[in-house]
Amino acid sequence: MKPQMLVLAALSALPGWPQALNPAQVTELVLANHILAHEGVLDAYGHVSVRDARNPTHFLLASHLAAGVVTAADILEYDLDSKPIRADAPTGYTERFIHSEIYRARPDVMAVVHCHAPDLIPFSVTGIALRPVYHMAAFLGEGVPVFEIRDAGGVTDMLIRNPDLGHALAQTLGNKPAALMRGHGAVVVADSLHVVVGRAYYMNMNAHLQQQALLMGRPVSYLETEEARKAAPQDGFERFWNYGKSQVDMRK
Ligand SMILES: [Zn+2]
């Protein structure tokens, strides 16, 4: 090996030296962005991340782009301070601290979605709890806390733009699979990218159905705690992931 290659090999072993990202994981994250955009969970805003398979103290997240247009070249690696590993990284999402602080607080979490899906918003501002009305969103039976940013930061611009606000949000999330953010949106977490994509989609769908049921003016029968617990495992939303992939592929 040439001397300069030896130096490069030694440097690349140092912590913080940029390494090539895992191509399979990058491909999956791009696909997660496209599925969530196609299914209306993410629009021009909101984002999805995955914990780095090579290093649990890092995570992968796209640069400052709408999910539907993200490509592999746009995927960046961050540390748990939300600092990009690449020195020449393009601008990142303002709210990347949502991801870093949840990964820091929750070692079990492997993927995070932050969305502003419209059907979720009423449940963040009315005090009416988001609860599972059908089996596909059974995971909501664990309870969906609501993050009040005024408690954490007073009067803000509503964005999670620093580690303190991200930490407060992670504290509200606790050990739950999802939390609403008052007047803003939601965070959804899971132990895999496939599950978090399914959860984000069916959480939004449940919110739509729950609103419809409430509008019908009769008492609503929600899943019982035990029903929700039994229904929760499903198939890891693998069929939803494959369906979502097929829909995205058909548009190419
Ligand atoms: Zn947001």
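Angles under 35 degrees between helix axes count as roughly parallel. I noted this cut-off before examining the helices of this predicted model.

**Entry 1: H2 and H7.** I looked up helix H2 (residues 23-38) and helix H7 (residues 193-215), whose axes cross at roughly 10° and come within 11 Å. H2 and H7 are therefore roughly parallel to each other. On the H2 side I found Glu28, Leu29, Ala32, Ile35 and Leu36, which meet Leu193, His194, Val197 and Ala200 of H7. I sorted the residues of this contact into seven nonpolar, one polar and one charged.

**Entry 2: H3 and H6.** I then turned to helix H3 (residues 97-105) and helix H6 (residues 163-173), which pack with their axes 8 Å apart at an angle of about 55°. That angle makes H3 oblique to H6. I recorded the crossing of H3 past H6 as right-handed. From H3, the residues Phe97, Ile98, Glu101, Ile102 and Ala105 meet Pro163, Gly166, His167, Leu169, Ala170 and Leu173 of H6. This contact comprises eight nonpolar residues, two polar and one charged.

**Entry 3: the zinc ion.** Which residues are the protein donors of the zinc ion? I found Glu95 (OE), His114 (NE2), His116 (NE2) and His184 (NE2), lying 2.0 to 2.1 Å from the ion. The angles subtended by the four donor atoms run from 94 to 143°, which makes the arrangement irregular. Along the chain I read the donor spacing as E-x18-H-x1-H-x67-H. I located histidine 116 in the loop between strand E4 (111-115) and helix H4 (121-125). Histidine 184 lies in the loop between strand E6 (178-181) and strand E7 (185-190), and this pair, 68 residues apart, links distant parts of the chain.

Methods. Residues are numbered from 1 along each chain as its sequence is written. This is a predicted model: local features need pLDDT of at least 70, side-chain atom pairs count only at pLDDT 80 or more; totals for chains, interfaces and linings use all residues. Side-chain values use heavy atoms; hydrogens and water are left out. Axes are lines fitted to C-alpha atoms, for helices over the stretch in contact, and angles run from 0 to 180 degrees between N-to-C directions. Helices (H or I, at least four residues) and strands (E, at least two) are DSSP runs, numbered from the N terminus. Angles under 35 degrees count as roughly parallel, over 145 as roughly antiparallel, 65 to 115 as roughly perpendicular and the rest as oblique. A crossing is left-handed if the near helix is turned anticlockwise from the far one by less than a right angle, and right-handed if clockwise. Contact means heavy atoms within 4.5 Å. Ala, Val, Leu, Ile, Met, Phe, Trp, Tyr, Cys and Pro count as nonpolar, Asp, Glu, Lys and Arg as charged, and the others, Gly among them, as polar. Donors are N, O and S atoms within 2.8 Å of the metal (3.2 Å for Na, K and Ca); water is not among the atoms, so sites may look incomplete. Four donors count as tetrahedral if all angles lie between 85 and 135 degrees; four count as square planar and six as octahedral if opposite donors are over 155 degrees apart and all others between 65 and 115; anything else is irregular.
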